[in-house]
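This report concerns pockets, a buried acidic residue and salt bridges in a protein model. Please consult the sequence and the structure shown below while reading.

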Amino acid sequence: MNKVVVSAAEAVADIPSGSSIAVGGFGLVGVPELLIAALLDQGATDLETISNNCGTDGFGLGILLEQGRIRRTVSSYVGSNKEFARQYLGGELEVELTPQGTLAERLRAGGAGVPAFFTPAGVGTQVAEGGLPQRYDGAGGVALASAPKETREFDGVTHVLERGIAADFALVHAWKGDRYGNLVYRASARNFNPPAAESGRITIAEVEHLVEPGELTPEDVHTPGIHIQRVVVVGPVTVGIERRTVRS
């Protein structure tokens, strides 16, 4: 029942090359940055990441991207990362673009054992009709495009079929957690962390504050410990500011 491990390095030590990894966070908030840094040091390559965005330059998943460790990513937002754009347009990175709410539900569904679901999001666009560039050839051409998806009408509204995502591993960041793996996220860090935590077959949580079992009331728990296999205590984390704007 005690899921606490000594260090982030120990927590990610068995993640093999070629793994799929769901990662929590939105922009700079709620990103499991210390677990990602430990994975960089660990050396796994050829990774597939599933996350709202693939980090920013020099932060989060961006540090794995810079070292060429990510082969493929499933994301809804790909801005604010020049290296991402370079690799994508250069044919070095495969990208599956997914609407933001659809991505969250794909993660949640995968964790709940739901293989697929229908949604109206993306109907009438390349998300449903196919043709979205997933990998370029490095010379301006498209080497791989998305395939058309099944559609079906419900109550007079067309929906598109989306697959659930069950990742090999998941990395999440929580404000509080106990030894059983029950987690509480703070403010907007409760973004993609809950569905990412559910999606992972093995989910590793970095927590700022470790409390003893019983200190978290059931109604305050955002992710139950049944979804979590490992807990690492990292201490308080400072959240950066992506675009600082000040009055002159």
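In which strand is the place of glutamate 96? Glutamate 96 belongs to strand E4, which comprises residues 94-97. The model discussed here is a predicted one.

## Surroundings of glutamate 96

Glutamate 96 has a relative accessible area of 14%. Because buried residues are those under 20%, glutamate 96 is classed as buried.

Two arginine side chains make polar contacts with the side chain of this residue. The contact between glutamate 96 and arginine 72 is 2.8 Å, and the one between glutamate 96 and arginine 106 is 3.0 Å. When residues up to four places away in sequence are left aside, glutamate 96 touches Arg72, Thr73, Val74, Ser75, Arg106 and Gln134.

## The second largest pocket

The second largest pocket holds about 180 Å³ of space. It is lined by 15 residues, and those closest to its centre are Glu96, Arg106, Arg163, Gly164 and Ile165. Glutamate 96 is thus among the central lining residues, and its polar contact partner arginine 106 is listed there as well.

Strands E2 (47-50), E3 (70-75) and E9 (157-163) each contribute at least two residues to this lining. Strand E9 gives the most, with three residues. By residue class, the lining comprises seven charged, six nonpolar and two polar residues.

## The largest pocket

What is the volume of the largest pocket? The value is about 240 Å³. Its lining consists of 18 residues, of which Gly30, His173, Ala189, Glu208 and Val239 are the closest to the centre.

Strand E10 (residues 167-178) supplies the largest share of the lining of the largest pocket, namely three residues. The lining of the largest pocket contains 10 nonpolar, five polar and three charged residues.

## Salt bridges

How many salt bridges does a search of the whole structure find? The search returns 14. One of the pairs is arginine 230 with aspartate 14, whose closest N and O atoms are 2.7 Å apart. This pair links distant parts of the chain, 216 residues apart: arginine 230 is in strand E13 (residues 230-233), while aspartate 14 is in the loop between helix H1 (8-11) and strand E1 (20-23). Arginine 230 is buried, at 15% relative accessible area, whereas aspartate 14 is partly exposed, at 40%.

Another salt bridge joins arginine 179 to glutamate 212, with 3.2 Å between the closest N and O atoms. Arginine 179 lies in the loop between E10 and strand E11 (183-184), and glutamate 212 lies in the loop between strand E12 (200-211) and E13, so this salt bridge ties together parts that are 33 residues apart in sequence. Both partners are partly exposed: arginine 179 has a relative accessible area of 27%, and glutamate 212 has 38%. In addition, salt bridges with shared partners connect Glu48, Arg72, Glu94, Glu96, Arg106 and Arg135 in one network.

## A pair between partly exposed residues

Glutamate 150 and arginine 152 also form a salt bridge, in which the closest N and O atoms are 2.9 Å apart. Glutamate 150 is partly exposed, with 39% relative accessibility. Arginine 152 is likewise partly exposed, with 43%.

Technical notes. Residues are numbered from 1 along each chain as its sequence is written. This is a predicted model: local features need pLDDT of at least 70, side-chain atom pairs count only at pLDDT 80 or more; totals for chains, interfaces and linings use all residues. Side-chain values use heavy atoms; hydrogens and water are left out. On a 1 Å grid over the protein atoms alone, a cavity is a set of points where a 1.4 Å probe fits but cannot get out, and a pocket is an open set with protein on both sides within 12 Å along at least five of seven lines; lining residues have an atom within 4 Å of a point. Grid points are joined across faces, edges and corners, and a volume is the space filled by probe spheres set on the points. Helices (H or I, at least four residues) and strands (E, at least two) are DSSP runs, numbered from the N terminus. Ala, Val, Leu, Ile, Met, Phe, Trp, Tyr, Cys and Pro count as nonpolar, Asp, Glu, Lys and Arg as charged, and the others, Gly among them, as polar. Buried means under 20% relative accessible area, exposed over 50%, partly exposed in between (1.4 Å probe, protein chains only). A polar contact is a pair of N or O atoms within 3.5 Å; within protein, one must be able to donate a hydrogen and the other to accept it, and residues adjacent in sequence count only if both atoms are side-chain atoms. Contact means heavy atoms within 4.5 Å. A salt bridge is a side-chain nitrogen of Lys or Arg within 4 Å of a carboxyl oxygen of Asp or Glu.
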